[in-house]
Structure formats: structure tokens, C-alpha cells
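User: Hi! I'm new to reading protein models, and I'd love some help with this one. Can we go through it together?

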Amino acid sequence: ATTTAAAAAAASSTKQQSDPLNIDNYEDVQPMWKEMESRVTRRRSLTLEERGGLSGRRNVRKSEEDMWLEAGVYEDSDDESLKKE
């Protein structure tokens, strides 16, 4: 009986998380903003030693220009017809 109760509770918990919130005014989001703010302000920064000597942003995506540079798009062409005289 406890297994089915736990499964039902888990199913209802999942359903509650997947349903979108109905937000009609600014006051509806205040508790969520306060929770997020408290998580961010209480978070402790890692020291340089804890980060392994790395600093700055992580997982920065490459731009299209970076990919083009790696592919050699910006390299000088050896084609004589493209050179200006």
C-alpha cells in the first residue's frame, strides 16, 4: 500500500511540475523571485585554488566566426586571379 501511495505522490508531483503556472499579475511571481534571489546571494564563490586556477566563464559557445576561422575561411588565397594589382 505504501508503494502505491508513494507512486501516486510521485506522479502528482510530476504533474504539478509540468503544468504551467497561471500568472495574472506581478505579485504572483514575487515568491519565486525571492527564492531565486536568496539562492544567488547565499551562493559562495569558489576560490582560485578550488577552481583549479581557472577563472572566467565556462562553456562559452564558439561564434560562427570562430568556426569559420578554424575552417580556414579567413586564410589568404593563393589564387592569382583574386589578387588586386
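User: Let's start somewhere specific. Which helix does Leu69 lie in?

Analyst: Leu69 lies in helix H3, which covers residues 64-71. Keep in mind as we go that this is a predicted model.

User: Okay, and is Leu69 buried or exposed?

Analyst: Leu69 is exposed, with a relative accessible area of 52%. The cut-off for exposed is over 50%.

User: Which residues make the nonpolar surface patch with Leu69?

Analyst: Met67, Trp68, Val73 and Tyr74 join Leu69 there, and the patch comes to about 530 Å².

User: Let's zoom out. How many helices and strands are there in the chain?

Analyst: The chain has three helices and zero strands. Following the sequence, you would read the pattern as α-α-α.

User: And how much of the chain is buried?

Analyst: Buried residues account for 4% of the 85 residues. The accessible surface of the chain is about 8700 Å², and carbon and sulfur atoms make up 52% of that surface.

User: Since it's predicted, where is the confidence lowest and where is it highest?

Analyst: Helix H1 (residues 2-18) is lowest, with a mean pLDDT of 57, while H3 is highest at 93. Across the chain the average is 77, and 69% of the residues score at least 70.

User: What should I do about the low parts?

Analyst: Where pLDDT is low, the predicted coordinates should not be read in detail.

User: Got it. New topic: how many salt bridges does the structure hold?

Analyst: There are two. In one of them, Arg44 pairs with Glu50, and their closest N and O atoms are 3.3 Å apart. Glu70 forms a salt bridge with Lys62, where the closest N and O atoms are 2.5 Å apart.

User: Why can side chains pair like that?

Analyst: Side chains of opposite charge can pair when their charged atoms come close.

User: Where is Glu50 found?

Analyst: Glu50 is in the loop between helix H2 (30-42) and H3. Leaving out residues up to four places away in sequence, Glu50 touches Arg44 and Ser45. With Arg44, there is a side-chain to side-chain polar contact at 3.3 Å.

User: And how exposed are Arg44 and Glu50?

Analyst: Arg44 is exposed, at 57% relative accessible area. Glu50 has 42%, so it counts as partly exposed.

User: What about Glu70, from the other salt bridge: buried or exposed?

Analyst: Glu70 counts as exposed, with 57% relative accessibility.

Conventions. Residues numbered from 1 in each chain as written. Predicted model: local features only at pLDDT ≥ 70, side-chain atom pairs only at ≥ 80, totals over all residues. Heavy atoms only, no water. Salt bridge = Lys/Arg side-chain N within 4 Å of Asp/Glu carboxyl O. Buried < 20%, exposed > 50% of the residue type's maximum accessible area, 1.4 Å probe, protein only. Helix = DSSP H or I, 4+ residues; strand = E, 2+ residues; numbered from the N terminus. Areas by Shrake-Rupley, 256 points an atom, 1.4 Å probe, with all protein chains shown as cover. Patch = residues over 30% accessible without salt bridge, like charges linked within 9 Å, V, L, I, M, F, W, Y side chains within 5 Å. pLDDT = per-residue confidence, 0-100. Contact = heavy atoms within 4.5 Å. Polar contact = N/O pair within 3.5 Å; in protein donor to acceptor, adjacent residues only side chain to side chain.
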